[in-house]
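Good morning, colleagues. I would ask you to look at the structure on the screen while I go through how its helices pack and where a few of its side chains sit.

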Amino acid sequence: MKGRTAALLMAALLALYIVLIGWRAVQFVMTGEPIAVGIGIALIVLPLVGAWALGRELLFGVRSQRLVGVLEAEGALPEEVLPTRASGRPLRDAADEDFGRFQAEVEAAPEDWRAWFRLGLAYDASGDRRRARKAIIHAIALERSAH
């Protein structure tokens, strides 16, 4: 819940930033000065890119949270038995040792979104956020195609 609150707060702050920069961009364009118009157009593009990225991140969060709920209801979430740091993150060495079983699960059932999602959680526990995100995105795509 703490992570969701932080994400929503950051999304709200980014949305405020996008609105303020967008308004400033319109003001630049309305001056009619060529350099100001150029700056205004550039400032219009930036909030559009920001809004797109924000929407994509929120959609990823909603979809992945829904899959967590499904796995939790099925009792299929991996148990958190790894030793942790003071921050609560798993120790990387312990997570790396535990990783093999999740990889084997995906190799045995490459079309199972549950296996891919658990692999994503294992990547995250090992500190590999890029691969964790890719695995979870793949799990979301597999789950969506099953419906």
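Arginine 118 lies in helix 4, where helices (H or I, at least four residues) and strands (E, at least two) are DSSP runs, numbered from the N terminus. Is this arginine 118 buried or exposed? Its relative accessible area is 11%, so arginine 118 is buried; buried means under 20% relative accessible area, exposed over 50%, and partly exposed in between, with a 1.4 Å probe and protein chains only. Leaving aside residues up to four places away in sequence, arginine 118 touches Leu71, Ala76, Pro78, Phe102, Glu105 and Asp112, contact being heavy atoms within 4.5 Å.

I should state the basis of these values. This is a predicted model, in which local features need pLDDT of at least 70 and side-chain atom pairs count only at pLDDT 80 or more, while totals for chains, interfaces and linings use all residues. Residues are numbered from 1 along each chain as its sequence is written, and side-chain values use heavy atoms, with hydrogens and water left out.

I turn to the aromatic residues. Rings of Phe, Tyr and Trp (its six-membered ring) pair if their centres lie within 6.5 Å; planes under 30 degrees apart count as stacked, over 60 as edge-to-face and the rest as tilted. By this rule there is one aromatic pair. The ring centres of phenylalanine 99 and tyrosine 123 are 4.8 Å apart and their planes stand at 55°, so the pair is tilted. It links distant parts of the chain, 24 residues apart, with phenylalanine 99 in helix 3 (residues 92–108) and tyrosine 123 in helix 4 (residues 113–125). Phenylalanine 99 is buried at 13% relative accessible area, and tyrosine 123 counts as buried at 15%.

Tyrosine 123 also brings us to the packing of helix 4 on helix 5. The axes of these two helices come within 8 Å and cross at roughly 165°; axes are lines fitted to C-alpha atoms, for helices over the stretch in contact, and angles run from 0 to 180 degrees between N-to-C directions. Helix 4 and helix 5 are therefore roughly antiparallel, since angles under 35 degrees count as roughly parallel, over 145 as roughly antiparallel, 65 to 115 as roughly perpendicular and the rest as oblique. Among the helix 4 residues that meet helix 5 are Trp113, Trp116, Phe117 and Tyr123, and the helix 5 side includes Ala132, Ile136 and Leu142. The contact residues divide into ten nonpolar, two polar and four charged; Ala, Val, Leu, Ile, Met, Phe, Trp, Tyr, Cys and Pro count as nonpolar, Asp, Glu, Lys and Arg as charged, and the others, Gly among them, as polar.

Helix 5 (residues 129–145) also packs on helix 2 (residues 34–74), at an angle of about 70° and with the axes 10 Å apart. These two helices are therefore roughly perpendicular to each other. Glu57, Phe60 and Arg63 are among the helix 2 residues in this contact, and Ile136, Ile140 and Glu143 are among those of helix 5. Here the division is six nonpolar, one polar and six charged.

Finally, helix 1 (residues 2–31) packs against helix 2 at about 160°, with axes 8 Å apart, which makes helix 1 roughly antiparallel to helix 2. That contact comprises 18 nonpolar, five polar and two charged residues. Valine 70, in helix 2, is partly exposed at 27% relative accessible area. Its C-alpha atom is separated by 9.3 Å from that of arginine 114, 44 residues apart along the chain.
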